[in-house]
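Please take the sequence and the model below side by side, and follow the chain through a few places where distant parts of it meet. The paragraphs that follow go from charged pairs to cysteines and then to single residues.

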Amino acid sequence: MSDHPPLRLHVPEPSGRPGRPTDFSYLQLCPAGRAEKPPIDVAPVDTRELATQLIRILDEEGRAVGPWATEEAPELLLQGLRAMLKTRLFDARMLKAQRQKKLSFYMQCLGEEAIAVGQTLALRPDDMHFPTYRQQGILIAREAPLDEMICQLLSNARDPLKGRQLPVMYSYRDLGFFSISGNLGTQYIQAVGWAMASAIKGDTRIAAGWIGDGATAEGDFHAALTFAHVYRAPVILNIVNNQWAISTFQAIAGGEGITLATRGLGYGIAALRVDGNDFLAVLAASRWAAERARRNLGPTLIEWVTYRAGPHSTSDDPSKYRPADDWTHFPLGDPIDRLKAHLIGRGLWSDEQHQALSAELEAEVAAAQKAAEAHGTFASDLAPSAADMFEEVYQDLPPHLRRQRQQLGK
């Protein structure tokens, strides 16, 4: 007989469920301006406090405070606000189009717009992003043609990817946007490999890898960190911790009682934990990490603390596993509202200008949708030709595929 109680497993639970408000105290927040800003060449081990604190610049009144704050050019801030707002309006219209059965599937980045847009504006246009399916803000910040993006979503005859990718899985090499993979985690090792290749060639371009909190439990995540550390790859490793994977809380991926940023420290990588709903903090932290990479000082892992305001995808109903009004209580607020308040506080913006911009961008997105739908929707007959599956795959089409194409009458 043993004197020990029976063994049991611990299964993490979120601090809120339907009908029970979420207790967000687990986030380990701290006031804006408190986190110190170390020199670019800081040793990774000396970023330990920054991996557990939270880098914030905008305070509750929208003022920029603390050592990470800089006097940003009004043009840059307005460019960021415009891209964030356009991304949100684009998402809303595409979600509605999916409900109208014009496209088969969609995934919003509602509540996370500042992260992708802010880092894009902090990096150079020729740097390469290896995104997941919630970084459409990168493309919008880099002014990808909206009608072309919508054609990809509609899987119509003008789909630039010829119907070979699930909707939202864009690919824009010329805009530094690597093809999205549905196998989450692969983009992390690809980003590190691309960054290593850039260094081998003696280039000056860096890579940015993107992953969500859930996919940090994948093996690819750990393989990427190992290679990034060993070879000091010039890469920014982004973790967008929006608190939820598909329907599992971030603690299931190992975020209970620790921050995901601390995983970088264990691999000898500089690590930051940043308020992802603070556009100024996103700019500052991304610039710091980019400069570190370009100076051959190694990779930086950044955990962006944010919240997935909408469903995981159009196939999901989050009210089944969390309070329906969770986002309205998230303590880091709405990233667009926070940047708007900062601009108004600096005398650079007004409610009237904001309303006018919203109307302008809504019209722009509507016009792009109309232009794209002229080439067909998911429910129409204007789809890519079956012959397209044979094109641009092989340099020389093998005989057996040539026969198959002939059998299709193509």
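A salt bridge joins the side chains of Glu71 and Arg346, with a nitrogen-to-oxygen distance of 3.0 Å. Because Glu71 lies in the loop between α1 and α2, while Arg346 lies in the loop between α11 (335-345) and α12, this pair ties together parts that are 275 residues apart in sequence. Glu71 is exposed, with a relative accessible area of 68%, whereas Arg346, at 27% relative accessibility, counts as partly exposed. The model in which this pair is seen is a predicted one, and the distances and areas quoted here are computed from that predicted model.

How many salt bridges are there by this rule? The count comes to 24 salt bridges. As a general point, side chains of opposite charge can pair when their charged atoms come close. One of the pairs is made by Arg56 and Glu60, whose side chains meet at 3.7 Å, N to O. The two partners sit in unlike surroundings, since Arg56 is buried with a relative accessible area of 8%, and Glu60 is exposed with a relative accessible area of 65%. Arg56 and Glu60 also belong to a network of salt bridges, in which they are linked with Asp275, Asp278 and Arg338. A further pair is that of Asp316 and Arg308, where the closest N and O atoms are 3.5 Å apart; here Asp316 is buried, and Arg308 is buried too.

From charged pairs we turn to the cysteines. A disulfide is a covalent bond between the sulfur atoms of two cysteines. A search of the whole structure finds 0 disulfides. Cys109 is in no disulfide, and the nearest cysteine sulfur to it, that of Cys151, is 20 Å away. Cys151 is likewise in no disulfide, its nearest cysteine sulfur being that of Cys109, at 20 Å. Why do these two not count as a disulfide, given the cut-off of 2.5 Å between cysteine sulfur atoms? The sulfur of Cys151 is 20 Å from that of Cys109, so the pair does not meet the requirement of lying within 2.5 Å. As for their surroundings, Cys109 is buried, with a relative accessible area of 2%, and Cys151 is buried as well, with a relative accessible area of 4%.

Cys151 leads on to helix α5, which spans residues 146-154 and is mostly covered, 7 of its 9 residues being buried. Which residues of α5 are the buried ones? They are Leu146, Met149, Ile150, Cys151, Gln152, Leu153 and Leu154. The cover over these buried residues includes three other helices, namely α2 (74-99), α4 (136-141) and α12 (351-373). Just after α5, the backbone at Ser155 takes a positive phi of about 55°.

Another meeting of distant parts of the chain is found at Thr22, which is placed in the segment before α1 (48-52). Although Thr22 and Arg322 are 300 residues apart along the chain, their C-alpha atoms are separated by 8.0 Å. Setting aside residues up to four places away in sequence, Thr22 touches Ser15, Gly16, Pro323 and Asp326. With Asp326 there is also a polar contact, made between the side chains of Thr22 and Asp326 at 2.8 Å. Is Thr22 buried or exposed? Thr22 is buried, because its relative accessible area is 19% and the limit for buried is under 20%.

Leu265, which is found in helix α8, can be looked at in a similar way. At 23% relative accessibility, Leu265 counts as partly exposed. When its neighbours within four places in sequence are left aside, Leu265 is in contact with Pro44, Thr47, Arg48, Ala51 and Ala271. Thr132, by contrast, is 133 residues from Leu265 in sequence and 23 Å from it in space, C-alpha to C-alpha.

The walk ends at the surface, where Leu9, Val11 and Ile252 make a nonpolar patch of about 350 Å². Where in the chain is Ile252 found? Ile252 lies in the loop between β3 (235-241) and α8 (262-266), and at 45% relative accessibility it counts as partly exposed.

Technical notes
Residues numbered from 1 in each chain as written. Predicted model: local features only at pLDDT ≥ 70, side-chain atom pairs only at ≥ 80, totals over all residues. Heavy atoms only, no water. Patch = residues over 30% accessible without salt bridge, like charges linked within 9 Å, V, L, I, M, F, W, Y side chains within 5 Å. Areas by Shrake-Rupley, 256 points an atom, 1.4 Å probe, with all protein chains shown as cover. Salt bridge = Lys/Arg side-chain N within 4 Å of Asp/Glu carboxyl O. Helix = DSSP H or I, 4+ residues; strand = E, 2+ residues; numbered from the N terminus. Buried < 20%, exposed > 50% of the residue type's maximum accessible area, 1.4 Å probe, protein only. Contact = heavy atoms within 4.5 Å. Polar contact = N/O pair within 3.5 Å; in protein donor to acceptor, adjacent residues only side chain to side chain.
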